[in-house]
Amino acid sequence: MVDLASASSVPIVGLPDAPLLAVRALAPDSFRVALATGEGSGAVELWQIDATGAATLIGSYPPVPAGYTVQSFFPLRHHAPEATGALLQLGQGPMVLQDVIVRREIGGSSVVVYDEADGPLVQIHISGLVTGP
C-alpha cells in the first residue's frame, strides 16, 4: 500500500495469494479487490485493504448461474466492482457466441443482467467493463 502524498509504503498483510480480477478505490484511504480464490471452481472473494495494509475479507460471491461461465482472461477488463461491492463480469451463455454480463452480489444472488440472446441493439464483442461512482 503506497501513500502518494507522503511517498511512504506498507506491505499488504492477510491477503491470499490468488489471481486479481478487479480493483476499486474507496474514499478516503482504502480499496477493495476481487480475487479468484477457487482455482477452476469459479469462487471469487471480495477483500478490503486499509491504509495500514491490513486485508479484511468482506465476503464470497455466489456461483454464476447454471449454464453460464465468466471469462478469466483480461482480468482487469472483464470484471468490474460496483460501489456496493457487487461484481459485474463478462461471460458466455450456453449458445455459441452468446455474450452475457453476470452480476454477483455478496449475500445475494448471481444473475444475468445482459444477454445477447435477447437481441439487444448494442453487442459487447471485444469490450470491457467499467463502473462509475
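## The β3-β4 hairpin

β3 and β4 run antiparallel to each other, held in register by 6 bridges. This is a predicted model, so take what follows as a reading of that prediction. The two strands make a hairpin, with 3 residues between them.

Two bridge pairs help you find your way along this ladder. Leu 26 sits across from Ser 30 of β4. Leu 20 has Leu 35 of β4 as its opposite number.

## The sheet they belong to

Zoom out a little and the hairpin turns out to be part of an open sheet of 4 strands, ordered β3-β4-β5-β6 and paired antiparallel. β3 and β6 are the edge strands, each pairing on one side only. From one strand to the next, the twist averages 25 degrees.

## Ser 60, in edge strand β6

Now for a residue in one of those edge strands. Ser 60 belongs to β6, which covers residues 55-60. Is Ser 60 buried, exposed or partly exposed? Its relative accessibility is 42%, and because buried means under 20% and exposed means over 50%, Ser 60 counts as partly exposed.

What does Ser 60 touch, once its neighbours within four places in sequence are set aside? The contacts are with Val 44, Glu 45, Ile 106 and Gly 107. As for Glu 39, it lies 21 residues from Ser 60 along the chain, and the two C-alpha atoms are separated by 14 Å.

## β9 and its partners

Over to another set of strands, with β9 as the one to follow. Strand β9 spans residues 87-92, and 5 of its 6 residues are buried, so the strand is largely enclosed by the rest of the structure.

β9 has several pairings worth walking through. With β8 (residues 79-81), the pairing is antiparallel over 3 bridges, and His 79 stands opposite Gln 89 of β9. β8 and β9 also form a hairpin with 5 residues between them, and in that turn Gly 85 has a positive phi of about 100 degrees.

With β10 (residues 99-104), β9 pairs antiparallel over 6 bridges. Leu 90, for one, has Ile 101 in β10 as its bridge partner. Here again there is a hairpin: 6 residues lie between β9 and β10, and Leu 97 in the turn has a positive phi of about 55 degrees. Then there is β7, which pairs with β9 in the antiparallel sense over 2 bridges; Thr 69 has Gln 92 of β9 as its bridge partner.

## The largest pocket

The largest pocket has a volume of about 350 Å³. Its lining counts 20 residues, and the closest to the pocket centre are Ala 36, Gly 38, Gly 42, Val 70 and Ser 72.

Which strands each supply at least two residues of this lining? They are β3 (20-26), β4 (30-38) and β7 (69-70). That brings both strands of the opening hairpin back into the picture, along with the β7 that pairs with β9. By class, the lining of the largest pocket comes out at 9 nonpolar, 9 polar and 2 charged residues.

Technical notes: Residues numbered from 1 in each chain as written. Predicted model: local features only at pLDDT ≥ 70, side-chain atom pairs only at ≥ 80, totals over all residues. Heavy atoms only, no water. Buried < 20%, exposed > 50% of the residue type's maximum accessible area, 1.4 Å probe, protein only. Contact = heavy atoms within 4.5 Å. 1 Å grid on protein atoms, 1.4 Å probe; cavity = no way out; pocket = protein on both sides within 12 Å on 5 of 7 lines; lining within 4 Å. Points joined across faces, edges and corners; volume = space filled by probe spheres on them. Nonpolar A, V, L, I, M, F, W, Y, C, P; charged D, E, K, R; others polar. Pairing = 2+ DSSP bridges. Axes fitted to C-alpha atoms, helices over the stretch in contact; angles between N-to-C directions.
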